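The turns below ask why certain terms are applied to this model and how each one follows from a computed value. Please look over the sequence and the coordinates before reading on.

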Amino acid sequence: MARKTYLTLFLLLSISFMLKAQTMDGGLTNSSLSQSQPFLYTMNGLNPAAQHWSLNYSGGYGQYTVTPLGFDGVDQNIGVKGYLGNRFTILTNIGIGFGRGNTQTYQQAEVFKDFIGGKNPTGFRFGTSLGVIREFSNDIVILSRFNAAYENLAWKFAANARLEKAFATGRDGYDMISSFGILRRINGQLFGGVEAVGQDLEGLWETDEAEGGAKVLIGPSLNFVPISSRLSFSLNAGPILYVTHSTISPYDSAVRELPLNNGFTVKFNVGFNFL
């Protein structure tokens, strides 16, 4: 009789533990952690709650802006992001821009690998990436970035240090682009925060920076993932500040020619998890 009582209690405790684990996992899977990319500029590999394939439609409008901070006009992009296994993630983008009386295109392919973390939906992870871009200006650029992120159900932090090498005359030998984003849960699945991007920051101390000088974008960000939905939404807007102007004229590219006025950009992303 005692043995049956102990066995019954053991079974009840086991079932209770399994149900609790399933509830916790389902809560994470259907939470904001399941989206592929909460930020607009700061990219990372996928966490385990988002290890699926997603389709991302993004667009924006900018004035007095340069790649990669934005497009001077209206641009639209279609991207696919997916998990390859063993903490590898692939990101591809195709974009089209309408501005300055012409139409231009953009393509990107990049593979991410997490080396630290990346095995749990929450917590810290750190990795690197390697990719190639064909910019709106038709310049071919190879890039690599160190990326870090921390996520839980209330906070999202992300940071990138992105190194680019452009195969075009008149460009910097190498270009460093830094970015970070912070999001805090406002209510339910709605997050708010800020995202910032810095490009050619060496222009702060170099007078002969080849691409015109230091540029900074900073602005508020919103992120929303409806409960039990495959969709996610992100929005960022802010000014683009041309902090310095080098004594060397920028290379001959209408898209990346450094404006004399500060600019602004508005950018959004709609993600859909299809697998």
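Q: What makes Gly45, Leu46, Lys81, Gly82, Tyr83, Leu84, Glu110, Val111 and Phe112 residues that Thr89 touches?
A: Contact means heavy atoms within 4.5 Å, and Thr89 touches these nine names, Gly45, Leu46, Lys81, Gly82, Tyr83, Leu84, Glu110, Val111 and Phe112, with residues up to four places away in sequence not counted. This is a predicted model, in which local features need pLDDT of at least 70 and side-chain atom pairs count only at pLDDT 80 or more, while totals for chains, interfaces and linings use all residues. Residues are numbered from 1 along each chain as its sequence is written, and side-chain values use heavy atoms, with hydrogens and water left out.

Q: Why is Thr89 called buried?
A: Buried means under 20% relative accessible area, exposed means over 50%, and partly exposed lies in between (1.4 Å probe, protein chains only). Thr89 has a relative accessible area of 0%, so Thr89 is buried. Its place is in strand 3, strands being DSSP runs of E with at least two residues and helices runs of H or I with at least four, numbered from the N terminus.

Q: How do you know that the side chain of Thr89 reaches the backbone nitrogen of Leu46?
A: The distance from the side chain of Thr89 to that backbone nitrogen is 3.1 Å. A polar contact is a pair of N or O atoms within 3.5 Å; within protein, one must be able to donate a hydrogen and the other to accept it, and residues adjacent in sequence count only if both atoms are side-chain atoms. Thr89 also has Phe112 beside it in space, with 4.9 Å between the C-alpha atoms although the two are 23 residues apart along the chain.

Q: Why is Val194 called partly exposed?
A: Val194 has a relative accessible area of 27%, and because this value falls between the two cut-offs, Val194 is partly exposed. Val194 is found in strand 9, residues 190-199, and touches Phe180, Gly181, Ile182, Ile218, Gly219, Pro220 and Ser221, leaving out residues up to four places away in sequence. With Pro220, the C-alpha to C-alpha distance is 4.3 Å across 26 residues of sequence.

Q: Why is Glu151 called buried?
A: Glu151 has a relative accessible area of 5%, which is under the 20% limit, and therefore Glu151 is buried. The residue is placed in strand 6.

Q: What makes the pairs of Glu151 with Asn47 and with Lys156 polar contacts?
A: The side chains of Glu151 and Asn47 are 3.1 Å apart, and those of Glu151 and Lys156 are 3.3 Å apart. Both values are within 3.5 Å, so both pairs satisfy the distance limit. Asn47 and Lys156 are also among the residues that Glu151 touches, which include Leu33, Pro121 and Arg125.

Q: Why is Arg162 called buried?
A: Arg162 has a relative accessible area of 11%, again under 20%, so Arg162 is buried. Arg162 lies in strand 7, residues 155-166, and its side chain makes a polar contact of 2.6 Å with the side chain of Glu164. Among the residues that Arg162 touches are Pro68, Leu143 and Asp175.

Q: What makes a space in this structure a cavity?
A: On a 1 Å grid over the protein atoms alone, a cavity is a set of points where a 1.4 Å probe fits but cannot get out, and lining residues have an atom within 4 Å of a point. Grid points are joined across faces, edges and corners, and a volume is the space filled by probe spheres set on the points. The structure holds five cavities of 30 Å³ or more, and the largest has about 630 Å³ of space. Of its 34 lining residues, Leu40, Met43, Asn93, Gln108 and Lys267 are the closest to its centre.

Q: Which residues lie nearest the centre of the second largest cavity?
A: They are Ser36, Pro38, Asn44, Arg125 and Glu151, out of 16 lining residues. This cavity has a volume of about 110 Å³, and strand 6 and strand 7 are the elements that give two or more residues to its lining.

Methods: On a 1 Å grid over the protein atoms alone, a cavity is a set of points where a 1.4 Å probe fits but cannot get out, and a pocket is an open set with protein on both sides within 12 Å along at least five of seven lines; lining residues have an atom within 4 Å of a point.
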